[in-house]
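Visitor: Please give me a close look at a single part of this protein. I would like to see how that part fits in with everything around it.

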Amino acid sequence: VDAMNRLIAAGANVNTADSYGQTALFLAASSGKKNAVLALLAKGAKPTTTTQGGETPLLRSIQWRDIEI
């Protein structure tokens with residue numbers, strides 16, 4: 001989370017997506033990184049952004065049964 005916060009402070013766009021439409025928020029939610037999810041949301045990450053497959057970060061965390069996210 002510290003490295004992520006430094007990148008954001010340096011101007012990184014929290015809503016940038018890869019070629020599959022996966023954002024940092026999607027990847028954090030997919031891997032159960034609750035602190036990263038909270039930090040990204042606080043910095044303006046859009047929770048409704050969908051991947052090419054139509055998944056949102058919340059849907060992905062539910063699929064992985066991560067009830068904390």
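**One helix and its surroundings**

Guide: Of the 69 residues in this protein, 28% count as buried, where buried means under 20% relative accessible area, exposed means over 50%, and partly exposed lies in between (1.4 Å probe, protein chains only). Before we zoom in, please note that this is a predicted model, in which local features need pLDDT of at least 70 and side-chain atom pairs count only at pLDDT 80 or more, while totals for chains, interfaces and linings use all residues. Residues are numbered from 1 along each chain as its sequence is written, and side-chain values use heavy atoms, with hydrogens and water left out.

The overall picture comes first. The protein has 4 helices and 0 strands, these being DSSP runs numbered from the N terminus (H or I of at least four residues for helices, E of at least two for strands). The pattern along the sequence is α-α-α-α. The radius of gyration is 11 Å, which agrees with the value near 11 Å that a compact globule of 69 residues would have; the radius is taken over C-alpha atoms, and the globule rule is 2.2 Å times the number of residues to the power 0.38. Along the principal axes, the C-alpha atoms fill a box of roughly 30 × 25 × 15 Å. Contact means heavy atoms within 4.5 Å; among the contacts with a separation of 6 or more, 60% join residues 24 or more positions apart.

Now to the part I have picked, helix H3, which spans residues 34-42. Its buried residues are Ala36, Val37, Ala39 and Leu40. Viewed down the axis of H3, the buried residues fall within an arc of 170°, so they line one face of the helix; the arc is that of the directions from the helix axis to the C-beta atoms. It helps to recall that an α-helix has 3.6 residues a turn, so residues three or four places apart point the same way. On the face turned away from the buried side of H3 sit the exposed residues Asn35 and Ala42.

What do the buried residues of H3 pack against? Their partners are H1 and H2. This packing can be followed in the largest nonpolar core, whose 11 residues are Met4, Ile8, Val14, Leu25, Ala28, Ala29, Ala36, Val37, Ala39, Leu40 and Ala45. H1 (2-9), H2 (24-30) and H3 (34-42) each supply at least two residues of this core, and the largest share, 4 residues, comes from H3. A nonpolar core here is a set of buried Ala, Val, Leu, Ile, Met, Phe, Trp, Tyr and Cys residues joined through side-chain atoms within 4.5 Å. More broadly, in soluble globular proteins, nonpolar side chains tend to be buried together.

Leu40 deserves a stop of its own. This residue lies in H3 and is buried, with a relative accessible area of 2%. Apart from its neighbours within four places in sequence, Leu40 is in contact with Met4, Ile8, Val14, Ala24, Leu25, Ala28 and Ala45. Asp2 is 38 residues from Leu40 along the chain, and the C-alpha atoms of the two are separated by 12 Å.

Next, the two sides of H3 along the chain. Gly32 lies in the loop between H2 and H3 and is partly exposed, at a relative accessible area of 29%. Between Gly32 and Arg65, 33 residues apart in sequence, the C-alpha distance is 9.3 Å. Just after H3, Gly44 takes a positive phi of about 100°. Further along, Gly54 lies in the loop between H3 and helix H4 (57-63) and counts as partly exposed at 41% relative accessibility. The C-alpha atoms of Gly54 and Thr23 are separated by 13 Å, with their positions 31 residues apart along the chain.

Thr23 itself sits in the loop between H1 and H2. This threonine is buried, with a relative accessible area of 4%. Not counting residues up to four places away in sequence, Thr23 touches Asn15, Thr16, Ala17 and Thr49.

For contrast, Leu7 in helix H1 is exposed, with a relative accessible area of 55%.

One charged pair rounds off the tour. The whole structure holds 1 salt bridge, meaning a side-chain nitrogen of Lys or Arg within 4 Å of a carboxyl oxygen of Asp or Glu. Glu55 forms a salt bridge with Arg60, their closest N and O atoms being 3.5 Å apart. Glu55 counts as buried at 17% relative accessibility.
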